[in-house]
Amino acid sequence: MLKSRRFSLIITGLLAVMLVLSACGSKSDNSANGGANTAANNGRNAAANEPAKEKVVKDAMGHDVTIPAEPKRILASYLEDQIVTLGEKPVAQWSVANGTQDYLAPQLKDVPTIGWDLPVENVLSFTPDLIVIGSESAVQKGLYEQYAKIAPTYVLGDKVNNDWREALKTIGGLLNKGDEADKAIADYDAKAADTKAKLATAIDKQSVAVLWLVAKNFYIVDETKSAGAVLYKDLGLTPPNLVTEIPEKTKATWNPVAMEKLAELTADHIILVNSDKSDAAETLKNPVWQNIPAVKNKHVYEVPASSSWLYSGKIAGERMMDDAIKLLVK
């Protein structure tokens with residue numbers, strides 16, 4: 001029974017990995033910016049005292065989408081961070097076999113789950129009045145047409161979806177909350193500036209790696225996405241050698257790192273996202289891991305997979321900043 005349960009956890013963990021890699025590693029065309037800017041401007045330019053009106057906007061795939069004046073039942077799977085940031089509560093929340101985005105649990109209390117692949121019959125059961133989709137790949141093979149029969153369906157497109165600020169501004173435009181989106185980004189940037197200053201004083205130019213351990217395999221974050229964007233771009237921390245050496249052609253949000261390659265990691269500090277929990281003990285006893293400089297110097301800081309480190313968004317990023325202060329500022 002224990003062996004069967006462990007195998008199940010490994011499979012679901014790998015499913016989560018594959019989902020993140022495929023969702024964040026895909027390419028998009030430049031048409032995404034046109035739709036995003038139109039949506040954002042519509043929301044920002046709406047007069048505060050003027051009643052909201054139905055509007056037609058063009059999404060990243062060129063669809064003319066009629067957005068309700070005041071959407072009440074919004075389905076935006078894997079975009080819940082943006083929806084919550086704008087003061088809304090989605091009709092359902094993204095999930096995989098082994099869980100949801102736990103870091104949003106307080107804001108999404110009592111919100112039912114929906115499978116990450118958005119089965120049409122499940123979407124229909126939630127009777128949404130607006131559907132927002134992140135990636136073009138999520139609506140292939142006729143899925144867009146099926147969703148659009150249920151409710152107006154707007155596709156952000158990968159280019160916008162891979163940048164939480166652009167996604168927030170675009171969704172803010174759709175919901176007539178452009179000003180709220182701008183304020184949220186300004187608040188985030190102010191917090192980032194304060195956090196950056198504290199970290200610069202504490203660890204100066206020392207390098208920091210973020211590793212994800214799942215199903216006994218290690219993955220390292222790209223410097224431009226998720227936790228990498230927060231640490232290296234927003235907070236100005238120094239990426240280690242293995243991050244800067246990720247081949248451009250194979251870059252994904254989380255990139256596999258063989259144990260032999262880990263032996264070359266020169267990071268001064270490691271933040272370890274542990275999805276294997278108690279099963280990680282065997283992996284972390286490996287001599288290669290034990291001989292990494294940060295490990296030998298006891299500069300490894302473990303965070304659970306239920307934290308925000310695997311995700312992206314204003315709320316996720318701010319949680320990472322809080323964690324970075326706790327872990328790296330002594």
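Here is a walk through the chain, from its overall make-up to a few spots worth finding in the viewer.

This is a predicted model, so a pLDDT of at least 70 is asked of local features and 80 or more of side-chain atom pairs, while totals for chains, interfaces and linings use all residues. Residues are numbered from 1 along each chain as its sequence is written, and side-chain values use heavy atoms, with hydrogens and water left out.

Let's start with the whole chain. It holds 15 helices and twelve strands; these are DSSP runs numbered from the N terminus, with helices being H or I over at least four residues and strands being E over at least two. Of the 330 residues, 49% are buried. Here buried means under 20% relative accessible area, exposed means over 50%, and partly exposed is in between, using a 1.4 Å probe and protein chains only. The chain exposes about 15500 Å², and carbon and sulfur atoms supply 53% of that; the area comes from the Shrake-Rupley method with a 1.4 Å probe, and for residues only the protein chains shown count as cover. As for contacts (heavy atoms within 4.5 Å), take those between residues at least 6 apart in sequence: 67% of them join residues at least 24 apart.

Now for strand 8 (residues 208–214). Seven of its seven residues are buried. In a regular strand the side chains alternate between the two faces of the sheet. In strand 8, Val208, Val210, Trp212 and Val214 point one way, Ala209, Leu211 and Leu213 point the other way, and all are buried. Strand 8 has two partners to look at, where pairing means that DSSP finds at least two bridges between the strands. Strand 11 (residues 269–274) runs parallel to strand 8 and is joined to it by six bridges, with Ile271 as the bridge partner of Val210. Strand 9 (residues 217–221) pairs with strand 8 in the antiparallel sense over four bridges, and here Leu213 stands opposite Phe218. Strands 8 and 9 make a hairpin with two residues between them, and Ala215 in the turn has a positive phi of about 50°.

Trp212 leads on to the aromatic residues. There are eight aromatic pairs in the structure; rings of Phe, Tyr and Trp (its six-membered ring) pair if their centres lie within 6.5 Å, and planes under 30 degrees apart count as stacked, over 60 as edge-to-face and the rest as tilted. One of them is Trp164 with Tyr188, an edge-to-face pair at 4.8 Å centre to centre and 70° between the planes. Trp164 sits in helix 7 (residues 164–174) and Tyr188 in helix 8 (residues 178–203), so the pair ties together parts that are 24 residues apart in sequence. Both Trp164 and Tyr188 are buried. Trp212 and Trp254 are edge-to-face too, at 5.6 Å centre to centre and 70° between the planes. That pair links distant parts of the chain, with Trp212 in strand 8 and Trp254 in strand 10 (residues 254–257), 42 residues apart. Trp212 is buried because its relative accessible area is 4%, and Trp254 counts as buried at 0%. Elsewhere, ring pairs link Tyr78, Trp94, Tyr103 and Tyr311 into a cluster.

Tyr188 also touches a charged neighbour. Glu318 is in helix 15 (residues 314–328) and, leaving aside neighbours within four places in sequence, is in contact with Asp187, Tyr188 and Lys191. Is Glu318 buried or exposed? Its relative accessibility is 17%, so Glu318 counts as buried.

What about the nonpolar core, meaning a set of buried Ala, Val, Leu, Ile, Met, Phe, Trp, Tyr and Cys residues joined through side-chain atoms within 4.5 Å? The largest one has 97 residues, and Leu262, Ile270 and Trp289 have the most contacts inside it. Beyond residues up to four places away in sequence, Trp289 touches ten or so spots worth clicking on, including Leu211, Phe218, Leu262 and Ile270.Finally, an open sheet of three strands has the order 3-6-7 with parallel pairing. Its edge strands, strand 3 (74–75) and strand 7 (153–155), each pair on one side only. Helix 5 (residues 143–150) packs on this sheet, touching strand 6 and strand 7, and its direction makes about 140° with that of strand 7; axes are lines fitted to C-alpha atoms, for helices over the stretch in contact, and angles run from 0 to 180 degrees between N-to-C directions. Met61, in the loop between strand 1 (55–58) and strand 2 (64–67), is in contact with Val155.
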